[in-house]
Amino acid sequence: MSKVKSPRLSRRNFIIGATAGTAAVGVGLYSLREKGVPPAPPPLPKVAAKKISYNDFSDIYREQWKWDKVVKGTHTRANCISACSWDVYVKDGIAWREEQAAIYEAPRPDVPDLNPRGCQKGACYTSLQLSEARVTHPMKRVGERGEGKWKRVSWNEALTDIADRLIDVAVEDGTECIIFDDGTTNAGYGPETAGDIRFQEAMQTTKIDSWGGVGDLPMGAIQTWGMYNCEGTADDWFRSDYIVIWVGNPVYTRIPEVHFMHEARYRGAKLVVIAPDMNASTVHADMWINIKPETDAALGLACAQVMIEEDLIDRDYVLQQTDLPMLVRKDKQRFLRHSDMKNGGRDNGVYLWDEKQGKAVLAPGCEGDGKGGRSTVLGKLKPALSGDFEVELADGSTVEVYTVYDRLVNQLNSEYRPEQSEKTTGINAKLIRRFAREMAAAPNAMIFASWGACKHYHSDLFQRAMILLMALTGNQGKPGSGVRIAAWWGMDGLDAVATLDLTLGEKLKMIPKAIRGLTPRDYENIFMDLSRKGANTPLMTFLYVHGGYKELWDKEELQDPALPHNLSHYMRESLDKDWMQVYPPEDRSPKAYIFTGVNPLRRWPASQVAREKFWPKLDLVVSVNFRMSTSTMYSDYVLPVAAYYEKYGIKYGQTYLPYIITSDKATEPLGDSKSDWEVFGLLSKRIAERAVERGISTVRGFKDQPLDLTKVYDHHTSGGKFNPEDPEDPIKLMDEIFANSPSVAANSGREALQMGAVPIVGPARPSLIYANYSDYEPTDTHWPHRDFYEKKVAWPTLTGRQQFMLDHPWYMDAGEDLPVHKDPPHAASKYPMRINGGHTRWSIHAIWRDHKMLLRLQRGEPVCFLSPDDCTPRGVENGDTVRIFNDLGSCEAMVKIAVSVRPGEVIMYHAWEPYQFKGWKGQQEPIAAPWKALHLAGGYSHLHYRMYYGGPSHAPRGAPCEVEKVS
Amino acid sequence: MANSKRQMAMVMDLNKCIGCQTCTVACKTLWTREEGMEAMHWNTVNTMPGAGTPKNWEDMGGGFTDAGAQLGEMPTTKAFGEAWNYNHKEVFYGGKGQSAHLEIQGEKPDWGPNWDEDEGAGEFPNGYFFYLPRICNHCTHPACKEACPRQAIEKREQDGIVVVNEERCRGYRFCMEACPYKKIYFNHQKKVSQKCIFCFPRLEQGVANACARQCPGRVRFVGYRDDQDAPIYKLVDKWKVAIPLHPEYGTDPNVFYVPPFGAARFDADGDLDEETPRIPDEYLISLFGKDVLSSLEILKAERARVQQGEKSELMDLLIAYKWKDMFGGFDTDPQTLKWT
Amino acid sequence: MKAEYLANTTLATLLDPTATVWQQAVATTIPLTGTPAAMQPTAAIRNSWADRPIGATSELSVASLHNGVELAFLLRWQSANPTMDNGDNSVFPDGAAVALPLVENAPLMTMGAPGAGLDIWFWRADQGDTGREISAEGPGSTETLNTDRIHSKSQWQGGTWSVVIARSFAGSVIARSLAGSGHDQTLALSPGETTQCGFAIWQGANEERGGIKSYSADWLELQLAGRR
């Protein structure tokens, strides 16, 4: 199949529209763009297989490799950040096996193609969907929660009972007391998820925003860039000359894509891994930097010191792209602001020192530059990077100013010389210098951080240091370069997934901006408004207020000693100032909890707290899933949904692959299971029916506005446009999605399903989750942030630049106004060991964790990796069972002794089900996961909560513990 | 020994293998899902150094020595790793709450096909490990075939693939003892030996082996050994970087490996020691023989050339810009086949 | 050796090693010997068994009876560690075989020769009550003729295996694909006839299988009692 080429689409042509993506809200205003995509090429012709038969023993194997039909499939709701197209081979009515479709084409001849993708998990989903954990019939709990006593019930009984109990909650407490949890990205772009979203919106329930709640929020990126999407296609890695894997572990987590890094080595690139342990990604590295855990910022800052001292920096880039030349008042150590300079001036205008004119000038592109903060073009300005200057303020007084650069250099020179960071990081100063020089010398250097970058208490400081290095060396915004965490493809047609929209007034208000072309800053403002249109609640905040975690997280030993107050103080201030939103409000309590695919009692920190304090608050717990999870075991109802190959779907698209992957229905749903689209449609319908039957109409909805329950189904189906009981209904939705998505090469649902992998052909509008601000070109690899670098579009930050100084009062109190290294609170713990980990190669969260085909390729039960140095004194041998414990909790696991483990670490990879541990005490039991109060900050340009951005981040790494042999 | 007219071969690039086991699973779901085959993994990937699959196979003997053909030790079922089963039903529906957790039923194993995954050897921070995928080597002098008293093992004339004729096999298992790579399993249901068939039904239709075509790391090259235009010949014979595992076993394997180069070591001060390789030469020699050193030299020299901006045929081959080029013409997309 | 004729005795009775009829039958004790390592068909086996004892069974007690339709042999031998296939690769099942020549004095030690084949009735401890009928025309040449014609019953008690192996006198058509012996029927016998028989025992505990076994060095004469 050749990639469909379309006229180059540019975001500059956009009028308005911010698609919700997988978010629950859409603002389909209008788009002037035509669907400029020609029809997809026909599928590859079938060829008759050669007739080969030997009439002997060998024919058995020939017969074994035959099938009846092939259907394109993928793993839509596995929450895997890859997307791979599979051919599902169907034989005798059973999805028998799968093999990668492998039809991707390289955008240019000098990069390897993207084939075949896939991993061992995708390669056995056919067997997982028929495995013991599959749920096939609606079930009702008849014992205690978690006891495992179930009664099989009909859909009719289950739906009626659930509907009635939800109506009861709505009547008594309002629908905000119904908590809907889709997890994070345990969602797709199509009908497999749209039913959930439409149900949630129609019922105006509280929606858990788990993005930060799973530790997937790169807060340091948001603090620096005002956004975090920063990835491109995986083949772009091949163009790097210096690949630094820093915190991530792509050999485990990027199985379909990591070959580009290894192939880049054959192109001459150097591959460096920075990690405390010799993880699997070090196997193919040229250099491994064995850093002490949680000292990454100290390493980054020492490298910055070296680069600056040895003049290895890209000065033009720094002047144009960063806040380093911005002026800082020496008296207050805050930015010099327009409001300082002019009476009634703007608080969001900041200054450069123009050497040509010898005066302070408003920095073009800053939020308050008076022109909408759109462009950072310097024109004739010659900003000073460094210097002591005097400026006259509005009140006539003069104040000394210098630059952010000067502040930073002072700090680096006094605290982060390599010899100083050697003490912190354990890395030889010579090695730090070597690394800094190599990175600076590389034409294109990148830091692959991935999501692991977000799971430490001070992850944001790691990220600020990493971005600083990429900025000093002029790498961010170039191919094969810059910090890489993640990014998504948008599709304008995803508006159809949701039902919400901006009001006409809101749309009209935007038109003037839209006519000029919306900037990242404008989009950010739209997204902020959208986030306030629903009961979105960041998970950590929810758990603090409603989940029973306050007592734990307020503990003294979990506070940052640098902060003058503890978490509760900041939480109060943030809620009082409406920086952070919490639903239901503090004076009400959650009553019902509906979750799809997520597994809170596995994933939430110290989940025993939730089990003991949150669960009892709930009158109703409903799990909607294809498999039995630990949390499902604690639910009142199990609604079985179709497995991935049994329904139509669109996998969410991260930018690693320039295709959108669809999943066709290979077989009918097993047993009584139904597609998610149908299940949630039926539930909305039943609620509306029961409301009519019970004579209930208006209840309290979002923000206590009236909600007519009898209209829930009407809302869900967009006024009857959809009929979720019609087996072809999902295709109708997909038609709408693809017809309205000019950025992809399919015009209808059927066409997309037939293609399996739908090429991206151009950019889409930015959406709540998609915005890496680079136009996609089908003839090139894709990399983030081109608009900022190539077109000098302003970054959506206060300064319009990559901003390393944050003069928010909380950050100044914490000593984090500049990038620094800080020890996490648990550095002082009495316990000698630290629990670390990361995603494993063996599962996508808990899915596949209990699959025996894969368990047979592991130890068959939960394991932890320990260093021989820690095992010998404790009398622990390979294969022994140990108890991992602290004051909070404990779990038991089999020991794998590995020389790769740094002494002092207990490495336990992600997502064993608690039911795989003795007493169901899972690996989260000893994990307090304290989080940074600073993440509750708002009221400062780009420091604010918005849906999927800027919420407090779950930081499970580094939990202190001891281990002992279980006799 | 009967000579095949042509010989299929495979090259596996150990500098690209990520130990993900997709090959293992691809093979498993295609060929070994029947009763009696539960514990079989015709394709295995082990972390090296390690005891591997079956446990301590390198110490088991077999193959050909100066004293001629030898039967080695019989690899036990436990040494391969058994097909563990679990109590899902009891945990989910048994009404036992937290008193029952998911566990292997029966005797607890102390070995499995990937038991020592990511453990490695040496000492922190200078430990080392890498991944070694293995299939049947489809040897030019197959010890299994030679040892079978029933001529139940055939080396196919057209492509040199070594297959067990399950109709002739009487389950004597001399082949399992004779194979020095211990890549033959015993089907206790059918009472016959079974092993990797190099996906001959796929190759017959022009489709590359499942383990190779499904490898996300793009590790495996497939093709006729003598196809001078294809990568196998170039890597093995022209560039001499792909070498067999344990050549001293005397069977002339047709699976070849591009040997691994590890990250730089640390010296006593924690700076880099670029003189001493992280993976000791002696260890690599113990696996691949002395040719491993020249192979690594060639790889390093070519890499240095591209770092200077020069072109290298070898590096381009290993990059495999076009994935299909890895398969020596066996690049038919299987889903396009229509069975009649 | 003589197979007495017990009319009106069912096959089920004949197959029962503890049946009275067998207690009354005359048993012959036959010395067994290990097949020489040098005679093994492949170099690997020859090299590796050269210094290992082959043939853990030194003598075998044999009796034979027939009912006019089926001919049965009762084999008894000492076996301290009887083995079945317990699922482990290293465990080999015990086995026993009765060989009958298709041509008088076909070479027994080599399992026959081309044109001078054997008809073998084979029992193995892991295969229940069904044995296999096998043809052989030399080392490594055995072919299964059928898997439903050989009846057997076995019992291990007090260190001794007692195994009855039986087949009907009539020959059966050989599937073409298995006709390695060149015959189109399995060996047909009839009461009153005199033929020869030989025996082999495999002790799994000694890793005996294939050519690694104990066998009767020479043919025994076997008289099949005629109808009275």
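In this predicted model, strand S15 and strand S16 (residues 398-403) of chain A run antiparallel and are joined by four bridges. Within this pair, A:Glu392 stands opposite A:Thr398 of S16(A). Both strands belong to an open sheet of three strands in chain A, whose order is S12-S16-S15 and whose pairing is antiparallel. Strand S12 (327-329) and strand S15 (389-392) of chain A form the edges; each has a single partner strand, so one side of each is left without a neighbour in the sheet. From one strand to the next, the twist averages 45°. Helix H11 (residues 404-415) of chain A packs on this sheet and touches S12 and S16 of chain A. The direction of H11(A) makes about 65° with that of S16(A).

A second antiparallel pair in chain A consists of strand S13 (residues 351-354) and strand S14 (residues 359-362), again with four bridges. Here A:Leu352 stands opposite A:Val361 in S14(A). The two strands form a hairpin with four residues between them, and A:Gly358 in that hairpin takes a positive phi near 65°. In general, strands of a sheet pair through backbone hydrogen bonds, in either the parallel or the antiparallel sense.

**The contact between chains A and B**

Parallel pairing occurs across the two chains: strand S1 (residues 47-48) of chain A and S15(B) run parallel and are joined by two bridges. In this pair, A:Ala48 stands opposite B:Lys338 of S15(B). The contact as a whole takes 92 residues from chain A and 88 residues from chain B. On the side of chain B that touches chain A, the elements giving two or more residues are helix H1 (22-31), helix H3 (88-93), strand S5 (130-134), helix H6 (200-203), helix H10 (291-307), helix H11 (313-319) and strand S15 (337-338) of chain B. H1(B) gives the most to this side, with eight residues. By residue class, the side of chain B that touches chain A divides into 40 nonpolar, 28 polar and 20 charged residues.

**An enclosed helix in chain A**

Helix H25 (residues 729-739) of chain A is largely enclosed by the rest of the structure, because eight of its 11 residues are buried. The buried residues are A:Asp729, A:Pro730, A:Ile731, A:Leu733, A:Met734, A:Glu736, A:Ile737 and A:Phe738. The elements that cover them include helix H4 (191-203), strand S23 (649-650), helix H23 (676-694) and helix H26 (749-755) of chain A.

**Backbone geometry in loops**

The following table lists cis peptide bonds and positive phi values of non-glycine residues.

| Residue or bond | Feature | Angle |
|---|---|---|
| A:Asn115 to A:Pro116 | cis peptide bond | omega near -5° |
| B:Met48 to B:Pro49 | cis peptide bond | omega about -5° |
| A:Arg117 | positive phi, not a glycine | phi about 65° |
| A:Lys792 | positive phi, not a glycine | phi near 60° |

In chain A, the loop between strand S4 (94-100) and helix H2 (125-128) contains A:Pro116. A:Arg117 lies in the loop between S4 and H2 of chain A as well. A:Arg117 is buried, with 28 other C-beta atoms within 10 Å, where 20 or more is the criterion for a buried residue. A:Lys792, located in the loop between helix H27 (786-790) and helix H28 (809-813) of chain A, counts as partly exposed because it has 17 C-beta neighbours inside 10 Å. In chain B, the cis bond leads into B:Pro49, which lies in the loop between strand S2 (44-48) and strand S3 (63-65).

**Overall form of chain C**

Chain C contains three helices and 14 strands. The C-alpha trace of this chain spans about 55 × 40 × 30 Å along its principal axes. The radius of gyration of chain C is 17 Å, which agrees with the value near 17 Å that a compact globule of 228 residues would have. Of the 228 residues in chain C, 46% are buried. Among contacts between residues at least 6 apart in the sequence of chain C, 64% join residues at least 24 apart.

Definitions and conventions: Residues are numbered from 1 along each chain as its sequence is written. Chains are lettered from A and ligands numbered from 1 in the order in which they are written. This is a predicted model: local features need pLDDT of at least 70, side-chain atom pairs count only at pLDDT 80 or more; totals for chains, interfaces and linings use all residues. The radius of gyration is taken over C-alpha atoms; the globule rule is 2.2 Å times the number of residues to the power 0.38. A residue is buried if 20 or more other C-beta atoms lie within 10 Å of its own, exposed if 12 or fewer, and partly exposed in between; C-beta atoms are placed from the backbone. Two residues are in contact if their C-beta atoms, placed from the backbone, lie within 7 Å. Two strands pair if DSSP finds at least two bridges between them. Axes are lines fitted to C-alpha atoms, for helices over the stretch in contact, and angles run from 0 to 180 degrees between N-to-C directions. Ala, Val, Leu, Ile, Met, Phe, Trp, Tyr, Cys and Pro count as nonpolar, Asp, Glu, Lys and Arg as charged, and the others, Gly among them, as polar.
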